[in-house]
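Please open the model in your viewer and prepare to select residues by number. The tour moves from a single side chain to the interior of the fold.

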Amino acid sequence: MLMAADIGNSETKMYIEDRFLTQPSVVKRVNRVPETADTNLAQSVARIEEDLLIHVTSDAIKKNGTYFVGNRASKINDMVENINIKLGNKYRHDIPVLISLGMIAGNEVKTYYESNEELPKVLEVEGNLSTAIPASEHTNERAEHLQRRLEGRTHTVILYVADQMVTVMVTFNEVNVTTEGVPALYALLTSKDDILKHYYEQYDSKMKPKDMANQHILHADIGDGTTEYIYTEEKNAVLDLCDGARHGVGHATQEAIKLLKNEVGGHLSLNRQQFMNIYQDDTNNLHEIAVQSLDEARYLQAQLILEDIQERAMNTAGRVDNIMVYGGGSIQFYDDLFEDLLDYAEEAKIELIWIPEAYAVNMNINGLKVLNEKLLYSN
């Protein structure tokens with residue numbers, strides 16, 4: 001079984017074979033398993049992604065225990081854990097491991113139930129996993145640290161479904177940890193032509209996505225907690241020219257939360273995921289204020305990212321052919337960043353590849369899937 005995991009500060013995405021899964025990157029540790037009055041097994045399995053409750057026993061985490069995972073944890077404000085966007089260190093953090101194991105367990109139990117119309121007592125799951133850590137964190141030692149936490153071990157996950165329990169034994173036979181940006185390049189090379197929609201609008205070029213393989217590309221992967229700047233030459237990352245900065249949607253969101261809180265007299269307590277729920281829900285009575293607050297906070301972050309890109313391009317001593325911008329933040333920052341970056345690129349004789357919204361968010365996870373199928377485990 002091939003698995004890929006994109007560990008985001010805001011969201012964790014996975015491919016388990018061809019099934020795409022996503023969960024908010026939050027967990028909540030619980031001291032005891034809550035009672036449930038819902039004994040309807042079919043309904044509980046149907047919404048398993050919304051109600052993930054697991055107990056994990058694994059050498060990969062610091063403390064075994066019971067956790068609400070993802071969507072279920074995001075509905076709670078008290079003592080919820082997410083990845084600290086100021087500290088990073090994803091390679092050492094337990095949250096990505098807990099969420100990934102929960103997603104795998106939930107998916108496998110649901111798949112089994114769909115085929116057998118009953119729950120198993122025990123499931124054994126074996127697979128090869130690929131993931132990536134940010135360029136701002138990546139060293140070979142750190143990649144190997146995460147690999148050692150996961151590879152060759154059995155991680156025991158007890159999944160609670162209605163009033164029943166299923167034990168899922170997850171073993172990763174091989175784990176590959178690369179740097180973010182490299183998978184995104186493979187996603188570009190294997191995509192349809194419409195991934196270059198904005199590029200074709202700006203340049204008289206007949207270049208196809210696959211033709212970008214030999215280009216020298218400065219990536220700007222705008223995320224929640226960081227923007228990662230990855231420089232690739234002919235499909236390889238030049239690690240000395242890869243780093244990141246703590247600029248992104250999450251920092252704009254944190255500032256917007258402060259602005260929103262001030263607007264309601266301080267009578268509000270929100271985490272980033274909860275703020276975005278309000279921002280995206282036009283029926284919420286705080287929606288308009290949330291939109292205004294984020295618009296204001298986003299502009300400053302966009303200007304910081306523009307300066308970062310200019311500095312990184314200069315550091316390559318004129319070797320950049322293209323600047324490629326993607327990630328969830330590229331959607332949020334488009335209005336504040338695109339035109340300014342296009343002007344800079346024209347002056348610097350560099351071409352801008354701004355990845356369209358339909359592709360931008362999933363460049364790394366789609367690229368990890370490509371790496372699994374075409375390169376790492378193609379045999």
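Begin with Leu304 in this predicted model: its relative accessible area is 25%. Leu304 is therefore classed as partly exposed, since that value lies between the 20% limit for buried and the 50% limit for exposed. Extend the selection to helix α9, residues 287-315, in which Leu304 is located. Then add Gly248: 56 residues separate Gly248 from Leu304 in sequence, while their C-alpha atoms lie 9.3 Å apart.

Next, select residues 182-189, which form helix α5. How many of its eight residues are buried? Eight are, and the helix is mostly covered. The buried residues are Val182, Pro183, Ala184, Leu185, Tyr186, Ala187, Leu188 and Leu189.

Now turn to the largest nonpolar core, which has 47 residues. The residues with the most contacts inside this core are Ile323, Leu341, Leu352, Ile355 and Met363. To see where the core draws its members, colour the elements that each supply at least two residues, among them α5, α9, β15 (322-326) and β16 (351-354). Helix α11 gives the largest share, six residues.

Centre the view on Ile323. Leaving aside residues up to four places away in sequence, Ile323 touches Leu218, Ile309, Leu341, Tyr344, Ile350, Glu351, Leu352 and Ile353.

Finally, select Leu52, Tyr91, Val125 and Val166, which are included in a second, separate core of 45 residues. In soluble globular proteins, nonpolar side chains tend to be buried together.

Technical notes. Residues numbered from 1 in each chain as written. Predicted model: local features only at pLDDT ≥ 70, side-chain atom pairs only at ≥ 80, totals over all residues. Heavy atoms only, no water. Buried < 20%, exposed > 50% of the residue type's maximum accessible area, 1.4 Å probe, protein only. Helix = DSSP H or I, 4+ residues; strand = E, 2+ residues; numbered from the N terminus. Core = buried A, V, L, I, M, F, W, Y, C linked by side-chain atoms within 4.5 Å. Contact = heavy atoms within 4.5 Å.
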